[in-house]
Amino acid sequence: MSSLGPGFGVPDDLADIAREHPALADALAHPLDRRRTLKLLAAALATGGLEGCDPGHTSRRLVSAVVAPTGIVPGEPDHYATAHVHDGYANGIVVTQMMGRPTKVEGNPLHPASLGATDALGQAAVLDFYDPDRSQGPTQNGTPVAWQQVNTMLAALRTRLAQTNGAGFRLLTGTVTSPTLAAAIDRVLARYPAARWHQWQPISRDAVRQGSALAYGRPVDCVPKLDRADVILAIDSDLLSSAPGHLAFARAFASRRNPTRTRMNRLYAVEPTPTLTGIGADHRFIATPAQLDGIVTALAGALLHGAPPTDPPPWLPHIIDDLRAHPGHTLIHIGPDQPAESHALVHAMNEALGARGATFDVLESVAHAPVDHAESMAALVSDMAAGRIETMLILDVNAVYGFPEFAAALPHVRTSIALTPMPDETAQAVTWNIPRLHDFETWSDARAFDGTATILQPQAMPLYGGRTAPALLSACIEPFTPAALDMVRDTWKQLGAVTAWHDALASGVVPGTASATADVRLRSAVAALRPPPRPARSLDLLIRPDPHLWDGRFANLSWLQELPRPLTKVVWDNPLLVSPAIARKLNLHNGDEVSVTADERHVALPVWVMPGQADDCVVALLGFGRRAAGETGSFVGVDVTPLRSASGAVALHPTGKRLVLASSEHHDPLDAVPADIMRHGTLAAFAAQPDFLKGEAEGGALYTREPSGPVAWGMSIDLNACIGCNACVVACQAENNIPVVGKDQVLREREMHWLRIDRQFAGPEDAPTVLLQPVLCMHCEQAPCEVVCPVGATVHDQEGLNLMVYNRCVGTRFCSNNCPYKVRRFNYHAYAKLEQRPPISRNPDVSVRGRGVMEKCTFCVQRIAEARIAADRDGVPEQAVTACQAACPTQAFTFGDMHAPDSEVAKRKQSPLDYVLLPEENTRPRVTYEARILNRNQALTA
Ligand code: SF4
Ligand code: SF4
């Protein structure tokens, strides 16, 4: 008998075990006898005793999940306020943590830039944090090195800087609003007076800065207050979706759009290519960049000099009349791509219309030491090329990708040091690359568009290790680098602004830090300014940021790559947007490749025909064609940065090739008349008969299925509020562990989004009206999917939810076939397993679906369950907020108990604009819409 017990250790068993576990074969060959067992036990006791003497023992002990660390309740989320910083400007967010790991981002309701909402980029911050392609250690000339070598290099740099007073030392940053970073930069410049600081942001706001300086004598921030404006004119401006503060602007704008609740404002937009602000306008006019100059001049002539415009477009006098008719209640806003002189003229016109203090404020600049970025970068590149730079420190600017001239001059710099979040193009080209800590891993601070400061708190221990920008600057001065927390605390102690540190951390807002009103007066000479003449061109090339990848920094985030662009619905590509007129002239169709030539530079791009774009105008999108963006984002689309500095004539030459572009445009078509699906009308018609869009009522039902539960969940979506920003789509994806599928699968119509923003063009393709509609599972009372499921995998619950029981689903897809709204998604390839993101990044309250299972919107049932538990525990009414609802900057979604007469959703469903999709199907959806109303100017429609 074996010493381990009866029946164990007989030769057959041993042979079996050895076969199954070869690593044990050797040990099993020498079965234990009593003597050997006692020897091993003695040794174990002895080593156990030694281990007890180890002073580091306690720190290495694993902590049982039963006894959670202080402050953590297993299974319950924690929430910490911080900020998502984009191009230097902060949007307040609250990060949801599960047992110490960040899983979801929400807006911070106390923060003036977010007001509780987020944009798509902010939602993707979690994915960015867990990105496995982030820089994981320092490198020298591309070879990994130890941190000790970095410290040695920094020590040598300190010595050299002290000897030369900073001569030959350059610092490159983007826009700086962080008080701690600003203080660190100032310290370096004060210590080494011969050093120089350059600023460059890939998406330029130079014209905005220069325009305010021309108008007021120095750079100031003109901040719109859209809720106060009755008439708004947006000139090539996308202030609702891309300006600093856009979430707050979108909220303010939408608060004046639904005529059942408010007096409507009126928005005019004039622009060369459709923006989200433009398509939300009551009247949208198309103009080339050159025509825009003429329009600004004509407007200025009329509003500043009282001169009637000569030869204006027919609509312009009506806009001028409308602006004049609302003194003190108008706002003109102009986009950053228009010249500084036009910006200055717009400031003058706003002042003339009595808008200052009423619909816009003039505040001190949020950016620290604002300069002209183009000039600053040009000076830097010139010094680089001339070999005048000994050492350059690049703080989180991917200039090698974004500025080809910089890349060409970089080899002339003796030592270049970059702090980068990714091993990106700049990281690979510099001498030393140092990983930058993610904002979720360290202490920092940043200001919002109105100057309000947020202290960024770490959300987790660093995943890979790295440095912060202030720490690296500090290392240029002294060997001992203070901790990030100490640096931030020091800054605020010196500013004397944080009296209640913990309150500032908890709320995500440092009270009293909003920018002061600037004491500046409009210069009288402004009225005489004119936009500078543009070279006469037969074709205009506009280079704009991609709405989701921006300047390319988000290229490795698959959620954003696969997020359909609001207007083209294209994913994983950046086609050249061409006007219908150009497409007709060159016989181009979507996907046809053209060579874009400018200043002897050639870039080949597929085209996409964009209705509503100015004739003879093409738009190239930045952010693609990255060479070192990580596994997901590299070599996706085409790099158009070589065309950025081209000043000569632009020409298009079809190459004869055809490329495959993935667009979700024609997926999930609803088989009905579009006008009935996206209902819309005018304010005049609404005033005559408020329920004029009600249309056909639903038919009667043979059987009624009133839910028996305490709550009847329902949703109302206001089409007057939706601006098509897509934040809700990414919020749903983040909340519900929705996988990405890749371009190839999107081409097969297999994208997995539970929520989509449908887009329709109505009217002529040269000047269409664009309509938007968020579409999700309608949670029908008479759900057509339920009656065809052979295994009862999709069923109703007592609160009226249409549920999916994943474990029952056998993948027949009958439900999807029978759904008239086409909102069900089938998992063809176990997509979650193919994703790069680590499992710990997912929401643990939502199951990760496997292959062969149908899925769709659940009304965020996990949030409903949480609300139910809270109601049971605290005796409060069940109140749940869905992820899409929470993210939406314009509050387009209202969710709640339809049967509670005082609930907001019940009130919205009483709106005369309320309607259901496809009433003829008689499905009795729980989701209804409020039809879109346009506040047309009668003079322009006559
Ligand atoms: Fe943006 Fe979605 Fe809200 Fe529309 S509904 S504004 S797309 S978040
Ligand atoms: Fe997605 Fe929840 Fe909105 Fe449904 S309710 S679309 S599951 S976020």
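Let me start with a definition: Ala, Val, Leu, Ile, Met, Phe, Trp, Tyr, Cys and Pro count as nonpolar, Asp, Glu, Lys and Arg as charged, and the others, Gly among them, as polar. Keep that in mind. And keep in mind that this is a predicted model.

Now to ligand 2. Which classes of residue make up the shell around ligand 2? Nine are nonpolar, three are polar, and no residue is charged. Let's put names to them. Four cysteines belong to this surrounding set: Cys732, Cys857, Cys860 and Cys884. Asn736, Thr858 and Thr882 are there too. The set is completed by Trp754, Leu755, Leu776, Phe859 and Ala883.

Next, ligand 1. Its surroundings hold 14 residues. Which of them come nearest? Cys722, Cys725, Asn726, Cys728 and Cys888 do. By class, the shell around ligand 1 has eleven nonpolar residues, three polar ones and no charged ones.

On to the pocket. The second largest pocket has a volume of about 770 Å³. Several elements give two or more residues to its lining: β1, β2, β3, α31, α32, β35 and α33. How many residues line the second largest pocket? The number is 32, and His79, Glu106, Arg863, Val881 and Ala886 lie nearest the centre. Here the classes divide into twelve nonpolar, eleven polar and nine charged.

Two of those central names come up again. Glu106 and Arg863 belong to a network of salt bridges, linked with Lys104 and Glu735.

Let's look at β1 and β2, since both appear in that lining. Strand β1 covers residues 77-86, and strand β2 covers residues 89-98. In which sense do they pair, parallel or antiparallel? They are antiparallel, with ten bridges. Take Asp78 as one example: its bridge partner in β2 is Gln97. Together the strands form a hairpin, and two residues sit between them. One residue in the turn is Asp87, with a positive phi of about 55°. A word on strands in general. In a regular strand, side chains alternate between the two faces of the sheet.

Now salt bridges. How many does a search of the whole structure find? It finds 45. I'll take three pairs.

Pair one is Arg209 with Asp206, at 2.8 Å from N to O. Both residues lie in helix α9, which runs over residues 206-216. They are three residues apart, about one turn of the helix. Are these two buried or exposed? Buried means under 20% relative accessible area. Arg209 has 15%, so Arg209 counts as buried. Asp206 has 8%, so Asp206 is buried as well.

Pair two is Asp361 with Lys225, where the closest N and O atoms are 3.2 Å apart. Where do the two residues sit? Asp361 is in strand β13, residues 360-364, while Lys225 is in the loop between β8 and β9. So this pair ties together parts that are 136 residues apart in sequence. Lys225 is buried, at 17%. Asp361 has a relative accessible area of 25%, so Asp361 is partly exposed.

Pair three is Asp758 with Arg756. Their closest N and O atoms are 2.8 Å apart. Asp758, with 17% relative accessible area, is buried. Arg756 is buried too, with 9%.

To close, go back to the shells. No charged residue appears around ligand 1, and none appears around ligand 2. The lining of the second largest pocket has nine.

Notes
Residues numbered from 1 in each chain as written. Chains lettered and ligands numbered in written order. Predicted model: local features only at pLDDT ≥ 70, side-chain atom pairs only at ≥ 80, totals over all residues. Heavy atoms only, no water. Pairing = 2+ DSSP bridges. Helix = DSSP H or I, 4+ residues; strand = E, 2+ residues; numbered from the N terminus. Near = heavy atom within 4 Å. Salt bridge = Lys/Arg side-chain N within 4 Å of Asp/Glu carboxyl O. Buried < 20%, exposed > 50% of the residue type's maximum accessible area, 1.4 Å probe, protein only. 1 Å grid on protein atoms, 1.4 Å probe; cavity = no way out; pocket = protein on both sides within 12 Å on 5 of 7 lines; lining within 4 Å. Points joined across faces, edges and corners; volume = space filled by probe spheres on them.
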